[in-house]
Amino acid sequence: MKINFKILLSILILVIVALFLLTRNIKKNNEDRVILNETPEIAHEDRAENEKWSRYYPRQYGSWLKTKESDDITDMLADKSQLAILWAGYGFAKDYNAPRGHYYAVQDNTNTLRTGAPVDDKTGPMPTACWTCKSPDVPRMTEDDGELEYFTGKWAKYGSEIKNPIGCYNCHDNKTAELAIHVPYMNRALKAAGKPSFEESTHQVKRSLVCAQCHSEYYFKKEKWTDKDGVEKIAKVVTFPWQNGLTAEGAEKYYDEVGHTDFKNKISQVPVLKTQHPGYELYLTGIHGQKGVSCADCHMPYTQEGSVKYSDHQLQNPLNTMDRSCMPCHRESESKLRGIVSQKYVRKDQLHEIAMDNLAKAHLEIAKCMEVGATDEELKGVRDLVRKGQWRWDYAVASHPSFFHAPEETLRLLSVANDYAMQARLEIVGILAKKGVWKYAAPDFETKENAQKLAGVPLQKLTEAKLEFKNTLEKEWNKLAVEKGNWSEKIKNEAEEADNKSSYFGLEKDKEKSVH
């Protein structure tokens, strides 16, 4: 049989090209493996700057940058107007938005009306502790200044220091890149709860504990101390109430024992415990937590690029990455799983609304009791019931995804919260009757505007003050941050551009008006 030499030569050339490309690909994969097996050290002075880690961890940094895609601003006070009544007299009644991506952590903390409009480093309503879960600059400052000094003073004290949003050094060691925590209060909490320290924990547990350092219930514990110059000071130290266990009732018992109250409701004078975000505690009670599934397994699923396997640092809703987050374990279809999650949310939201309505009405009805002459002694019992109910309601929902992490515990807490609210309202009916008031109906709070008016929130005044702050002191902070080397000019410009694109409580429109 006669063989065509040209055809044979063409086939040979194709085989050689294919082998060359395959060899090059194998070589590239091997080079990637070598790079990944190396452990480059991030310089001590660069540890808080996320950008400095990107040279050695480009895939992780690139996926982290995508957290800026989670940029929608959802006004929770407009969505659920009862909140302004429940938090009357507290910062959250001023504004409260659903959380955005980690990229915006510092920006949102700076913009929120809750942090006020300081004019220097000694003014403003909030303490330094309010920076704690927002930036890798926080462990830098606690290491450089000392923990108690960091927790002493006003939030504005570190305006030019804390600029980099939640990132690499919050969860990793800059020398080894191993998972690590750099905030001492985490190990103190674990010890109080009778659990192993972070360092003693397994790697799988650490994949949740690095999240727990922020996504947990806490309060600011006052501690007296004396600095090196003999000056007596008071620090407000982030503290987890885990001494009696990691449950709503355990935390409540701790707070009652130490006599802690976050604020008195301006409408009803109820001494309120404000839950922060006990995501970790609730997750532990759910099926995923009980089975040893970590936070990172679902929210930071492993991603494969050639021979390289790494954790996706976009930190997003697992429903966006179901092929990597859910399907490795579950055998149902994606559509079926989505339906199950949706059903859990609907059930939670129904009880959520009922409990909020009854608690808000209880606050307004207590105010009516006060108006017609009821004494503190007469109202002590109902105020205690509202305190208990609001604590459980808040514990159930302050961690936004609790309906999925721990659906049974979430529904239990909301049911008990509503029961306490109804007990209080029944007693209030009796108190009002004794004062000659029958069939009292609480005023309308169906809109954010109505609710904030009842709560005494001067929204326009607060917004104008915040705008003045952003046009003056914040600009000074940004300039100083670059001069001190805490921020690069490039990152500063990117952050300011992202801020200008944000419509945060109408700030962008107001900025434009102020320019013209």
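## Predicted model: confidence, helix packing and two buried sites

Residues 508-516 have a pLDDT (the predictor's confidence in each residue, from 0 to 100) under 50 throughout, and the model has 11 contacts beyond four places in sequence for them; contact means heavy atoms within 4.5 Å. Where pLDDT is low, the predicted coordinates should not be read in detail. The protein as a whole averages a pLDDT of 92, and 93% of the residues score at least 70.

This is a predicted model, in which local features need pLDDT of at least 70 and side-chain atom pairs count only at pLDDT 80 or more, while totals for chains, interfaces and linings use all residues. Residues are numbered from 1 along each chain as its sequence is written, and side-chain values use heavy atoms, with hydrogens and water left out.

Two helix pairs are tabulated here. Helices (H or I, at least four residues) and strands (E, at least two) are DSSP runs, numbered from the N terminus. Axes are lines fitted to C-alpha atoms, for helices over the stretch in contact, and angles run from 0 to 180 degrees between N-to-C directions.

| Helix pair | Angle | Axis separation |
|---|---|---|
| α12 (residues 248-258) and α18 (residues 376-397) | about 135 degrees | 10 Å |
| α17 (residues 334-371) and α20 (residues 407-434) | about 25 degrees | 9 Å |

The angle makes α12 oblique to α18, whereas α17 and α20 are roughly parallel to each other. Angles under 35 degrees count as roughly parallel, over 145 as roughly antiparallel, 65 to 115 as roughly perpendicular and the rest as oblique. On the α12 side, Ala248, Glu249, Ala251, Glu252, Tyr255 and Asp256 meet Arg387, Lys388, Trp391, Arg392 and Tyr395 of α18. By class, this contact of α12 with α18 has 5 nonpolar, no polar and 6 charged residues. Here Ala, Val, Leu, Ile, Met, Phe, Trp, Tyr, Cys and Pro count as nonpolar, Asp, Glu, Lys and Arg as charged, and the others, Gly among them, as polar.

In helix α7 (residues 137-145), the buried residues (under 20% relative accessible area, 1.4 Å probe, protein chains only) are Asp137, Val138, Pro139, Arg140, Met141 and Thr142. Their cover includes α8 (147-150) and α9 (168-171). Gly146, just after α7, has a positive phi of about 100 degrees.

Ile267 lies in the loop between β3 (263-264) and β4 (271-272). Ile267 is buried, at a relative accessible area of 11%. Beyond its neighbours within four places in sequence, Ile267 contacts Ile85, Ala88, His363, Leu364, Ala367, Met370, Leu454 and Ala455.

Conventions: Buried < 20%, exposed > 50% of the residue type's maximum accessible area, 1.4 Å probe, protein only.
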